[in-house]
Amino acid sequence: MTPRLLRAFQATEYRIDGIAFHVGRRSPCIDGLLRSHNARTAALLSACNPQSRKMPPGWNDRMQVRLAEHLRRHRTLSASGSGRGWREAHIAVLDADPKSVDLLRRFRQ
């Protein structure tokens with residue numbers, strides 16, 4: 001990951017069930033959300049814009065649906081990321097196991 005891309009991730013506002021947070025910053029509200037779902041961790045997964053390359057909205061929507069199908073046996077919450085005029089759908093996987101995170105390779109993330 002390039003320093004520029006890392007700064008972009010850190011500047012992005014992420015949301016899980018409407019609660020905003022930033023990468024690298026502690027969020028008591030997210031901690032509370034996890035506790036309310038009896039979860040210790042959450043992983044944000046997205047099939048949109050693989051390898052940070054902008055794709056058409058219809059393509060991103062179809063890939064998100066496929067990702068959600070792969071995650072149907074996991075506990076998930078609605079999530080998103082946005083910044084500088086863009087928005088991207090995410091899925092928050094509660095207490096993600098290695099198999100769910102391995103999906104990122106399949107979706108070129």
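This is a friendly chat about strand pairing and the largest pocket in a predicted model.

Reader: Hi! Let's start with the strands. How does S1 run relative to S4, parallel or antiparallel?

Author: Antiparallel: S1, residues 13-16, is joined to S4, residues 76-83, by four bridges.

Reader: Nice. And which residue in S4 is the bridge partner of Glu-13?

Author: That would be Ser-82.

Reader: How many bridges are there between S4 and S5?

Author: Eight, and that pairing is antiparallel, with S5 covering residues 86-94. As one example across this pair, Ala-89 in S5 stands opposite Ser-80.

Reader: What about the hairpin of S4 and S5, how many residues lie between the strands?

Author: Two residues. Arg-84 in this hairpin has a positive phi, near 45°.

Reader: Great, switching to pockets. What volume does the largest pocket have?

Author: About 1,200 Å³. Its lining counts 34 residues, and those closest to the centre are Phe-9, Thr-12, Ser-52, Trp-86 and Glu-88.

Reader: Which elements give two or more residues to that lining?

Author: There are two helices, H1 (3-11) and H3 (57-70), along with strands S3 (42-45) and S5.

Reader: And which of them gives the largest share?

Author: H1 does, with seven residues of the lining.

Reader: Last one, then: how do the lining residues divide into nonpolar, polar and charged?

Author: For the largest pocket, 16 are nonpolar, 10 are polar and eight are charged.

Reader: Thanks, that helps!

Technical notes. Residues numbered from 1 in each chain as written. Predicted model: local features only at pLDDT ≥ 70, side-chain atom pairs only at ≥ 80, totals over all residues. Heavy atoms only, no water. Pairing = 2+ DSSP bridges. 1 Å grid on protein atoms, 1.4 Å probe; cavity = no way out; pocket = protein on both sides within 12 Å on 5 of 7 lines; lining within 4 Å. Points joined across faces, edges and corners; volume = space filled by probe spheres on them. Nonpolar A, V, L, I, M, F, W, Y, C, P; charged D, E, K, R; others polar.
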